[in-house]
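Open the model in your viewer and keep the selection tool at hand. This tour goes from one stop to the next.

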Amino acid sequence: MLNLPNNLDALAMRVQEDIVVFQANTDRLCYFHVCLPSAWDPLEKLNKSFKEIHDNIPGMHLDKVDSLKRAMLNNGPFQRFVWSVIFENRLNFHPSVPKKQFDIDNPIIFVKVERQITKGFPDKGLVLFLIRQHLIPFEDIKLPNLLKSLENMTPEQLSYKGLDTSIDNLLSYLKLKLDEGDL
């Protein structure tokens, strides 16, 4: 494991973003300060390669991992957004905490958006990941966009996001709300 200054933990306690550091020369996740994981256990990812960390994510082009790692280290910073539909008002989705499924009789819907920023430090051989979670309440969701995105997901993507068992009821509910003109 990389020996990082003790004050990095102190700094991590003062920012809203979760912090992950990837050591490029050993191809390992070497440090994290994560309070709000999204369906992953940070301890399981420590000392794993970039490919090992991302191998279960549908649509991740693992054949391009080497060029992606080079770009993150030598270019950027880069910003990307990842989203999920969730059915409760919380940000921590550690896999040890059961995730609620959609309940058509008590429809609670949020879109959880994860902003990820990567910044490479080639002289140190490190890539810094900053991760911040946001919740968009149902009344602020652009319903036609959400509906189209969900309808275009593959079964693997739906399963990865934990939507495979509730997708039919969720789509029916969203279509009903759209037809009612509520949003």
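Start by selecting Phe 22 and Val 127: Val 127, in β5, is the bridge partner of Phe 22. This is a predicted model. Now widen the selection to β1 and to β5, residues 126-137. The two strands run antiparallel, and six bridges join them.

**Next stop: the hairpin**

Select residues 18-23, which are β1, and residues 28-33, which are β2. These strands also run antiparallel, with five bridges between them. Pick out Gln 23. Which residue is its bridge partner in β2? It is Arg 28. Now look at the turn. β1 and β2 form a hairpin, and four residues lie between them. Click on Asp 27 in this turn: its phi is positive, at about 55 degrees.

**The whole sheet**

Show all the strands. They make an open sheet of five, and the pairing is antiparallel. Walk across it in the order β2-β1-β5-β4-β3. Which strands stand at the edges? They are β2 and β3, the latter being residues 78-86. Each has a single partner strand, so one side of each has no neighbour in the sheet. Leaving direction aside, neighbouring strands of the sheet are turned against each other by 20 degrees on average.

**A helix on the sheet**

Add α4, residues 65-74. This helix packs on the sheet and touches β1, β3, β4 and β5. Select β4, residues 110-121, to compare directions: α4 makes about 70 degrees with β4.

**A pair of helices**

Move to α5, residues 143-151, and α7, residues 167-180. Their axes come within 10 Å and cross at roughly 155 degrees. Angles over 145 degrees count as roughly antiparallel, and α5 and α7 are therefore roughly antiparallel to each other. Their crossing is left-handed.

Show the side chains where they meet. From α5, select Leu 143, Pro 144, Leu 146, Leu 147, Leu 150 and Glu 151. From α7, add Ile 167, Leu 170, Leu 171, Leu 174, Lys 175, Lys 177 and Leu 178. What kinds of residues make this contact? Ten are nonpolar, three are charged and none is polar.

**Zoom out**

Return to the full view. The protein has seven helices and five strands. Along the sequence, follow the pattern α-β-β-α-α-α-β-β-β-α-α-α. The C-alpha trace spans about 55 × 35 × 30 Å along its principal axes. Finally, colour by burial: 38% of the 183 residues count as buried.

Conventions
Residues numbered from 1 in each chain as written. Predicted model: local features only at pLDDT ≥ 70, side-chain atom pairs only at ≥ 80, totals over all residues. Heavy atoms only, no water. Pairing = 2+ DSSP bridges. Axes fitted to C-alpha atoms, helices over the stretch in contact; angles between N-to-C directions. Parallel < 35°, antiparallel > 145°, perpendicular 65-115°, else oblique. Left-handed = near helix turned anticlockwise from the far one by under 90°. Contact = heavy atoms within 4.5 Å. Nonpolar A, V, L, I, M, F, W, Y, C, P; charged D, E, K, R; others polar. Buried < 20%, exposed > 50% of the residue type's maximum accessible area, 1.4 Å probe, protein only.
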